[in-house]
Amino acid sequence: MRRTEFFIVAVAAFSLGAIDSASSGDLGRPVYAPPAPPVYAPQPQWRTCYGGLNAGGVWSPGIDDFGVTGGGQIGCNWQWNTVLLGGEADLQYTGLDGSRDVFAPSASAHEDFRTRWLATFRGRIGWLVVPNMNFYATGGLALANVNTASSVNFNGTINNVSDSTTHAGWTLGAGLEWMFAPQWSAKVEYLYVDLGHATNPLPIYNNDLSLTENIFRIGINYHFYAW
C-alpha cells in the first residue's frame with residue numbers, strides 16, 4: 001500500500017514539474033506579432049471639375065504697356081493613367097493702357113488704347129510627372145475688348161474718332177499644377193494671346209497695331225466634383 005501511495009505521489013510531482021518547466025519555457029520564448037497591413041497614402045484625384053482664382057502680370061508689345069491681370073477660371077479634367085485631358089474657361093481683368101503717334105503726308109494721328117477684359121476658352125492636355133504634379137499645354141479661343149480713341153489732324157483740321165471692338169483671336173500656353181492637399185491645387189501658367197490688329201485711322205499701308213499679350217499668372221483651384 002505504501003508503495004502504491006509513493007508511486008502516485010512521485011508521478012504527480014513529476015507531472016507538476018513538467019508542466020511548470022513547459023510554462024517557464026513558453027514564458028522565455030519570444031512572441032512575434034503578425035505584421036501590420038501596409039498603409040498606402042491616398043492618390044490625388046485629378047478626374048474632377050474645379051473652379052478657382054488667379055492673378056499675375058500682362059505685357060502687350062503692340063500697346064507697349066505692362067499691367068496687372070486677375071480673374072477666375074472653371075474647368076474639368078478626364079484622366080487616363082498619367083495623361084489628363086480637359087477644358088477650361090476663364091475671365092480676366094487686364095489693365096493695359098497705351099498710345100502711339102502715326103504720321104502720313106499732310107496728316108497725323110494720336111491714338112490711345114485701353115483694354116480691360118480678356119476671356120479664353122481652352123483645351124488642356126497634361127502629363128502627371130509625379131502623382132500630384134501635372135505639366136500641361138493649353139490653347140484655344142481668346143476674346144478681348146479694345147477701346148481706341150484717336151485724334152486725327154488733316155491739314156490742320158482735327159477730328160476725334162473713337163472705337164470699341166471685341167476682338168477674337170487665339171491663345172497658346174503651358175503650365176504646372178500641384179495638388180498640394182485633397183481637393184486643392186495651385187498652378188503657375190503662361191499664355192500667349194494674339195487678337196489680330198487694331199484699326200489704323202490713317203490710310204497708311206502696313207501700319208496696323210498688333211494686339212498681342214503675354215500673360216504670366218499664378219492661381220489656386222478647388223476641385224469640387226470628382227467622378
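The paragraphs below go through a predicted model, from the overall fold to its disulfide, its cavity and its largest pocket.

The chain contains one helix and eight strands. In sequence order these elements follow the pattern α-β-β-β-β-β-β-β-β, so the helix precedes the strands, with elements numbered from the N terminus. Of the contacts in the chain with a separation of 6 or more, 62% are between residues 24 or more positions apart. The chain has 227 residues, and 33% of them count as buried. The exposed area of the chain is about 13600 Å², and 66% of that area comes from carbon and sulfur atoms.

One disulfide is present in the structure. The cysteines that form this bond are C49 and C76, with an S to S distance of 2.0 Å. The link between C49 and C76 is right-handed, with 95° about the S-S bond. This pair connects distant parts of the chain: C49 belongs to strand β1 (residues 48–60) and C76 to strand β2 (residues 65–80), and the two cysteines are 27 residues apart. Both C49 and C76 are buried; each therefore has under 20% relative accessible area.

Next comes the enclosed space. The structure has one cavity of 30 Å³ or more, and the largest cavity holds about 40 Å³ of space. Its lining consists of S60, I63, T115, V146, L195, L211, T212 and E213. Strand β8 (residues 209–226) contributes the most to this lining, with three residues. By residue class, the lining of the largest cavity has four nonpolar, three polar and one charged. I63, V146, L195 and L211 are the nonpolar members, because Ile, Val and Leu count as nonpolar. E213 is the charged one, because Glu counts as charged.

The open space is described by the largest pocket, which has a volume of about 220 Å³. This pocket is lined by 15 residues, and those closest to its centre are P44, Q45, A181, P182 and Q183. Strands β6 (157–181) and β8 each provide at least two residues of the pocket lining. The largest share, four residues, is from β8. Strand β8 thus appears in both settings: it gives the most to the lining of the largest cavity, and the largest share of the lining of the largest pocket also comes from β8. The pocket lining comprises nine nonpolar and six polar residues and no charged ones, whereas the lining of the largest cavity includes one charged residue.

Terms used. Residues numbered from 1 in each chain as written. Predicted model: local features only at pLDDT ≥ 70, side-chain atom pairs only at ≥ 80, totals over all residues. Heavy atoms only, no water. 1 Å grid on protein atoms, 1.4 Å probe; cavity = no way out; pocket = protein on both sides within 12 Å on 5 of 7 lines; lining within 4 Å. Points joined across faces, edges and corners; volume = space filled by probe spheres on them. Disulfide = S-S within 2.5 Å. Buried < 20%, exposed > 50% of the residue type's maximum accessible area, 1.4 Å probe, protein only. Contact = heavy atoms within 4.5 Å. Areas by Shrake-Rupley, 256 points an atom, 1.4 Å probe, with all protein chains shown as cover.
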